[in-house]
Amino acid sequence: MSKKLTDAMADLNEDAVLEEVKALKAKDVPALDIIAYLQEGMSIVGKRFEEKEYFLSELIMSAEIFKEASDILGGTGEASAASKYGVFVMGTIYDDIHDIGKNIVTTVMASNGFNVVDLGVDVPTAKYVEAIRQYKPKVIGISCLLTTAFDNIKECIQTLEKEGLRKDVKILIGGGPVDEATCKYVRADHVCKNAQETVEYSKKYMGV
Amino acid sequence: MTPQEMTEIRDKRMIAAINMEKPDRIPISLSGQGFFKWIDPTAVIADMFRRPKYIDEITLQAYKLPIIEEMDSGPMIGFTSEAFLQSFAAMYFAKMKIPGRDLPEDAIWNIDEQGPMTEEDYDTVIDKGWAYMTEELYRRIGYDPASLPPPDTEYMEAMNKKVAELGKSRYTMGALLPLPSFEVLSGARKLPNFFKDLRRMPEKVAAVIDIMNEETISRGVKAIKEGPPAVFATIGGTRAGSDFISPKVYERYYHPFFKKTITALNEINVKTWLHNDSDWSGFLHYFTEFPKKSCIFDPDHLTPMENLKKVLGDYMCIEGNIPPGLVAVGTPDECYQAARRLLDIMGDRGFIMSVGCSVPANAKRENIEAIILATLGK
């Protein structure tokens, strides 16, 4: 166990994280083990966030560091391979390019053991359809920061229903203006106020 | 009653609210940029850029609709939308994606962050100042104010006359102050990089923010002082809620901007309108250090009204706080109840009825009407 890497990740010490990842890789430590150390550090980040020692700014930073470290190991696909739970697909709906909230949620989900497929921003419905068919997630997340894009979420969910993809997947939505009224309007399953709620809902639904 | 007399009544109402006195009724400030669709449902947001004069004309018509006409705030018309939006985005050293060109016809514009500032540039700011750096960053993102279409002053004057004929209050929008340095720097560096900078080189970031505060606040306050008489001036902020950054970071890097600005504006008898997005619940107490009635707090609905009333209710007027999503997709009954709830919390003074952040472009007419009727007690 690389306590050094776990601690550096938990303390958001970017230079130390990258240095240690490179050192472990040079020693032929399996990538999945290195990812596990990073995930352990991310769990501590999540705990510190819950305890209000860390704030969203620290979660944003942790997402960046985790991604940089994963890139050294061959990309976030390695992190996905190390996941304990099911697949979680997420993107920001089309006509909206906000990424901060989405990045926080995907990172927190990845660090909590989910296999995250990040579709990016400005994601068209077809891409959600394709991802659900390919990865068969039990839960998907749709981020949205613009009220004018609510109809796009609605259209996306309607299409998933028409394509017969809705019955096996729970659809979570989130973002600044998204609330219960939005959830009802777009016919999503649940509105998540923050990343932790996404983790809890997904774990509960997946029976973890 | 003439439009001028109506304006005087509405101005008196707004001034009473921001001075925390009892107005004849709670002011209603619900101006939105998508009301033109109520007149022409085929018009799209891209038309604001393609045929702005037509959009201005039908926006004016929307403000004359029954019930809607009861609003105290008037429309924002008569300016060149793209020039305004590109200048707005440039405050974050970003670019604006425009509907009809970069986005679908009826999408709302999106800020596209560029993050042109490097880590080494902190030293440049320390050596050469923020004004130098600003010009350099504009150059890097290709923003040239001189290349934007100049304002059509003749048309703007004509539109101002038309707005005056509506008899609306002149005190629902204030002159725009520079953004807090924390916001500007986080845009210049991009948010994740900026947060890493705060951790890796806190003293250097603090030194740069001090330089920026010194340059921008004095310039902003000078512009207010030398401009037309102002009751208040507006500061916008989106990246500093109490769930977003720690109190330690807020105190060192963000709050000094407010402190210096509010103090300087107070000295020239101008109030500060705080347009603060995200949840500020944990930071509201910082604003109790300023003289009473020196600010107006304008949240985006994520700071609960109960918290605002509890902490700031005796200190400043509060505008808000109907959830913007609700006016876009909720029912008139839900909007009516939301407005009644705010009125119950806020009572009969120190409150302006509005939607959190701003009225979205897809606000339903019947929902806006419901909020107005609730405020009028009908």
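Tutor: Let's begin with a ground rule: helices (H or I, at least four residues) and strands (E, at least two) are DSSP runs, numbered from the N terminus. By that rule, chain A has ten helices and five strands. The model is predicted, so local features need pLDDT of at least 70 and side-chain atom pairs count only at pLDDT 80 or more, while totals for chains, interfaces and linings use all residues. Residues are numbered from 1 along each chain as its sequence is written, with chains lettered from A and ligands numbered from 1 in the order in which they are written.

Student: Why is chain A called as compact as a globular protein of that length?

Tutor: Set one value against the other. The radius of gyration (taken over C-alpha atoms) is compared with the globule rule, 2.2 Å times the number of residues to the power 0.38. For the 208 residues of chain A the rule gives 17 Å, and the radius of gyration of chain A is 17 Å, so the description fits. Its C-alpha atoms fill a box of roughly 50 × 35 × 30 Å along the principal axes.

Student: And what makes chain B as compact as a globular protein of that length?

Tutor: The argument runs along similar lines. Chain B has a radius of gyration of 21 Å, close to the 21 Å from the globule rule for 378 residues, so chain B also earns the description. Chain B holds 15 helices and eight strands, and its C-alpha trace spans about 60 × 45 × 40 Å along its principal axes.

Student: Into which domains is chain A divided?

Tutor: Domain 1 covers 3-80 and domain 2 covers 84-205; such bounds come from an automatic or database domain assignment. The C-alpha centres of the two domains of chain A lie 24 Å apart.

Student: How many residues of domain 1 of chain A are in contact with domain 2 of chain A?

Tutor: There are 13 from domain 1, facing 13 from domain 2. Contact here asks for C-beta atoms, placed from the backbone, within 7 Å. On the domain 1 side, H3 (31-50), H4 (56-72) and H5 (76-81) of chain A each supply at least two residues. H4(A) gives the most, with six residues.

Student: What classes do the residues on that side of domain 1 of chain A divide into?

Tutor: Seven are nonpolar, five polar and one charged. The sorting is simple (Ala, Val, Leu, Ile, Met, Phe, Trp, Tyr, Cys and Pro are nonpolar; Asp, Glu, Lys and Arg are charged; the others, Gly among them, are polar).

Student: Why is H10(B) called roughly parallel to H11(B)?

Tutor: Look at the angle. The axes of H10 (residues 202-226) and H11 (residues 247-267) of chain B cross at roughly 20° and come within 10 Å. Axes are lines fitted to C-alpha atoms, for helices over the stretch in contact, with angles from 0 to 180 degrees between N-to-C directions. Under 35 degrees counts as roughly parallel, over 145 as roughly antiparallel, 65 to 115 as roughly perpendicular and the rest as oblique. So H10(B) is roughly parallel to H11(B). Residues that meet there include B:Ile209 and B:Asn213 in H10(B), and B:Tyr253 and B:Phe257 in H11(B). By class, this contact has eleven nonpolar, two polar and two charged residues.

Student: What makes H8(B) oblique to H10(B)?

Tutor: H8 (residues 181-189) of chain B packs against H10(B) at an angle of about 120°, with the axes 9 Å apart. That angle falls in "the rest", so H8(B) is oblique to H10(B). B:Phe182 and B:Leu185 are among the H8(B) residues in this meeting, and B:Ile209 and B:Met212 among those from H10(B). The contact counts six nonpolar, three polar and no charged residues.

Student: Which parts of chain B each supply at least two residues of the side that touches chain A?

Tutor: They are strand S2 (110-113), H9 (191-200) and H13 (324-329). The contact takes 27 residues from chain B and 23 from chain A. The chain B side has 17 nonpolar, five polar and five charged residues.

Student: What is the peptide bond from B:Gly320 to B:Asn321?

Tutor: This bond is cis, with omega near 10°, and B:Asn321 sits in strand S7 (residues 317-322) of chain B. Most peptide bonds are trans, and most residues other than glycine have a negative phi. B:Met20 has a positive phi, near 60°, and is found in the loop between H1 (3-18) and H2 (47-50) of chain B.

Terms used: Contact = placed C-beta atoms within 7 Å.
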